[in-house]
Amino acid sequence: MPTVCITGASAGLGAAIAAACAERGDDLVLVARDGIRLEALAVELRTQQVAVEVLVADLADPAQLALVSARVADVTHPVELLVNNAGFGLTNHVLDADGSEHRRALDVMCLAVLELSTAAAQAMRRRGHGRILNVASLSAWVTQGNYSAVKAWVKVFTEGLAVELAGTGVTATALCPGWVRTEFHERAGIATSSIPDWIWVDAKTCATKALADTDRGKVLSVPTLRWKLAAFGLGALPRPAVRWVSRQLVRSRD
Ligand SMILES: NC(=O)c1ccc[n+]([C@@H]2O[C@H](COP(=O)([O-])OP(=O)(O)OC[C@H]3O[C@@H](n4cnc5c(N)ncnc54)[C@H](OP(=O)(O)O)[C@@H]3O)[C@@H](O)[C@H]2O)c1
């Protein structure tokens, strides 16, 4: 059975991707900080006759990240699909006094993605097959502070990786969802009551579409037609208009 390694598997989109992979018979390596939640998910997923490893790690910690990286590169139990999903929202501004959350965002959502993608891509290229799915965001199309910058990095990094990997049998996909119903907003303290129901996508739908696009080797995966249209519209706007839209989004969030 192919093995899938998913970071941020204890909740939300990562847990939904884990469930979808278990349903199709993939073995799993689940990574996150909350070992109790990971173990509970592992027990549930093993009922589908798949092997599930739990790797408790804070990806902002270089030593713990190195352990995950070693597992991803392990040739004896190769990882066929790496999902770099772990992440969190940022509500504080770059101009706020404490910049530690912004540095942690870069550690978890950029440096860990760089480290794990590289470890996976090198091992997969040697084998001649494998897939990497990096979770970016539709935020990459706007300029909502450091979160947009972080997710734009993930998107462009993954597109660049796909270029480097062309012809190797290994693919890289950047998943760019809009609003997904997970713990993300509550954890970040983002009020969601004013966001209309029709804008949301549930985590299961997002996971299914992301895995289908990854299987097809698509470089950019934007789930659902409405988010594809939003990405197209934002991409066609002049940058001053994108910044105007972003200002309205930041104001409504604040
Ligand atoms: N929800 C949305 O609307 C939305 C939209 C676009 C993109 N995204 C992206 O989707 C990804 C998944 O988010 P989600 O919506 O599923 O949020 P979520 O429900 O809050 O889940 C986030 C996951 O990341 C893990 N995580 C956070 N910090 C970590 C760290 N330092 N080390 C290891 N794991 C860590 C959390 O586990 P522990 O707390 O157990 O460590 C949890 O499993 C993120 O990259 C997010 O930016 C979300």
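Trainee: Which residue in β3 is the bridge partner of V31?

Mentor: This is a predicted model, in which local features need pLDDT of at least 70 and side-chain atom pairs count only at pLDDT 80 or more, while totals for chains, interfaces and linings use all residues. Residues are numbered from 1 along each chain as its sequence is written. Strand β2 (residues 27-32) runs parallel to β3, and 5 bridges join the two. In β3, V31 has as its bridge partner L55.

Trainee: Which are the edge strands of the open sheet?

Mentor: Strands (E, at least two residues) and helices (H or I, at least four) are DSSP runs numbered from the N terminus. The open sheet has 7 strands in the order β3-β2-β1-β4-β5-β6-β9, with parallel pairing; two strands pair if DSSP finds at least two bridges between them. An edge strand pairs on one side only, and that describes β3 (52-56) and β9 (220-221).

Trainee: Is A174 buried or exposed?

Mentor: A174 sits in strand β6 (residues 170-175). Its contacts (C-beta atoms, placed from the backbone, within 7 Å) beyond four places in sequence include N134, V154, T158 and L220. A residue is buried with 20 or more other C-beta atoms within 10 Å of its own, exposed with 12 or fewer, and partly exposed in between. A174 has 28 such atoms, so A174 is buried.

Trainee: Which helix gives the largest share of the largest nonpolar core?

Mentor: A nonpolar core joins buried Ala, Val, Leu, Ile, Met, Phe, Trp, Tyr and Cys residues through C-beta atoms within 7 Å. The largest one holds 69 residues, and L30 is among those that touch the most other members. Its largest share, 10 residues (100-127 being the helix's range), comes from α4.

Trainee: Which element supplies the largest share of the shell around the ligand?

Mentor: The ligand is surrounded by 29 residues, G8, G12, R33, D34 and G87 being the closest; a residue counts if its C-beta atom, placed from the backbone, lies within 6 Å. Helices α1 (12-23) and α6 (184-188) each supply at least two residues of that shell. The largest share, 3 residues, comes from α1.

Trainee: How many residues of α8 are buried?

Mentor: Helix α8 (residues 225-236) has 12 residues and should span 16 Å at 1.5 Å a residue (1.5 Å times one less than the number of residues). The end C-alpha atoms of α8 are 16 Å apart, which agrees. Helix α8 lies largely in the open, because the number of its residues that are buried is 1.

Note on methods: Two residues are in contact if their C-beta atoms, placed from the backbone, lie within 7 Å.
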